[in-house]
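Subject: Handing over a structure

Hi there,

I promised to pass this one along, so here it is. Have a look at it first, and then read on for my notes.

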Protein chains: 2
Amino acid sequence: MSFVLPQFLPYLLNQAAEAVSRDFQGYYRDRYGMLRTEWRVLFHLGCYGEMTAGRICGLASIHKTKVSRAVRALEVKRYLRRTTSAQDRRVETLSLTTSGHRVFRDLQAAAEQYERDITSVLSPGEVSSLRAMLVKLEKSAG
Amino acid sequence: MSFVLPQFLPYLLNQAAEAVSRDFQGYYRDRYGMLRTEWRVLFHLGCYGEMTAGRICGLASIHKTKVSRAVRALEVKRYLRRTTSAQDRRVETLSLTTSGHRVFRDLQAAAEQYERDITSVLSPGEVSSLRAMLVKLEKSAG
DNA sequence: GCCGGTCAGTTACATCCGCAACAATTAAAC
DNA sequence: GTTTAATTGTTGCGGATGTAACTGACCGGC
């Protein structure tokens, strides 16, 4: 019984995720010079509305230094603004600017199109069971 | 129709792969001080037998500089040796040392156990269809 | 009040990564 | 046979990342 590397689930997961992420990254890297973490922060704000950096860390399991740098990069690009809370001055609420919303809508359309492209090799039923399995695996590993 | 980030397949893939990789990394990082790319190179040699660095790049879609550095790290740890080909002196064949084989067998057992652990939340049928879908997605993205 | 503990977010430093340029070797063109 | 192109792998350098230490701010016991 020898070990078959290309069937090892963590390996397969990593290969698929890497290939997809690298491929999709072209959309936002070329058009807006954004990194993956910046994309993620932008989409958290675009999808969920305003929230703190810490909340993004928790939702996406991204390290706080990564988020901190992504937030600054998006701030420099004028895609988001920070608002210090009056109740607790440690907390900064992040929200998209008009420009940020515009970029988000553009990238959202690109994301939907990209998802249609790559899932075209799967049936709708497969896609939803794949989603469910990925969620289970993530919980199982965390 | 708003965009649901936690259902976006590239995002889900990345979250699951990241969680699993980070979790599993504990095994080889703590015991042998190895990085992810070093683990991958070791397993390619352990599973397929001796091969060149370029071949590992092709099989695993890893950048050649990453492989080059991982090979040196494994060489310093005395887990592999390089043999310059007599026919083409550009080519170096990589092979595991006795020590490298021992480490590989240990990590192989850990990998099998880890895969059993995380896949315990899925049925055997789900696992094989998941593998097939991940392969399709990787090809679809590349 | 005041001091230790905690929490949000940033910075410092060391490491890792990717692109591009490179050296060395072989193959191809002619 | 010499020049040019292609290939195997390495290195320099700027940029990205993670760990740990830090700042500033709130909260608790006393």
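Below is what I found, beginning with the DNA and ending with the contact between the protein chains.

Please keep in mind that this is a predicted model.

**DNA strand C**

Strand C is surrounded by 22 residues, and those that come nearest are G54(A), S68(A), R72(A), R82(A) and K66(B). Of the strand C atoms that come within 4 Å of the protein, 59% are sugar or phosphate atoms.

A few atom pairs are good places to start. In the side chain of S68(A), an N or O atom is 2.5 Å from a phosphate oxygen of strand C. The bases are reached too: an N or O atom in the side chain of R69(A) is 2.9 Å from a base nitrogen of this strand. From the other chain, R90(B) has a polar side-chain atom 3.2 Å from a base oxygen of strand C.

As for secondary structure, two or more residues each come from α3 (53-60) and α4 of chain A, and from α4 of chain B. Which element gives the most to the surface near DNA strand C? That is α4(A), with five residues. Sorted by class, the surface near strand C has 12 charged, seven polar and three nonpolar residues.

**DNA strand D**

Around strand D there are 22 residues, with K66(A), G54(B), S68(B), R72(B) and R82(B) the closest. Sugar or phosphate holds 59% of the strand D atoms within 4 Å of the protein, and the rest belong to bases.

R69(A) turns up again here, with a polar side-chain atom 3.0 Å from a base oxygen of strand D. Two backbone contacts go to phosphate. A polar backbone atom of R89(A) is 3.0 Å from a phosphate oxygen of strand D, and a backbone N or O atom of E92(B) lies 3.3 Å from a phosphate oxygen of that strand.

The elements that give two or more residues to the surface near strand D are α4 (64-76) of chain A, plus α3 (53-60) and α4 (64-76) of chain B. The largest share comes from α4(B), which gives five residues. The class make-up near strand D is three nonpolar, seven polar and 12 charged residues.

**Chain B against chain A**

Now to the protein-protein side. The contact joins 53 residues of chain B to 53 residues of chain A. The size of an interface is often given as the accessible area lost when the parts come together. Here the area buried between the two chains is about 5,100 Å², and carbon and sulfur atoms give 70% of it. In chain B, the residues that lose the most area to chain A are F3(B), L9(B) and M133(B), together 13% of what that side buries.

How many salt bridges does the rule find across the interface of chain B and chain A? The count is zero. There are, however, 12 residue pairs in polar contact between the chains, counting those with both residues at pLDDT 80 or more.

On the side of chain B that touches chain A, at least two residues each come from α1 (9-32), α2 (36-48), α3, α5 (98-119) and α6 (124-141). Of these, α1(B) gives the most, with 14 residues. By class, that side of chain B divides into 32 nonpolar, 11 polar and 10 charged residues.

Happy to talk it through whenever suits you.

Best wishes

How values were computed. Residues numbered from 1 in each chain as written. Chains lettered and ligands numbered in written order. Heavy atoms only, no water. Near = heavy atom within 4 Å. Polar contact = N/O pair within 3.5 Å; in protein donor to acceptor, adjacent residues only side chain to side chain. Helix = DSSP H or I, 4+ residues; strand = E, 2+ residues; numbered from the N terminus. Nonpolar A, V, L, I, M, F, W, Y, C, P; charged D, E, K, R; others polar. Contact = heavy atoms within 4.5 Å. Buried area = accessible area lost by both parts, 1.4 Å probe. Salt bridge = Lys/Arg side-chain N within 4 Å of Asp/Glu carboxyl O.
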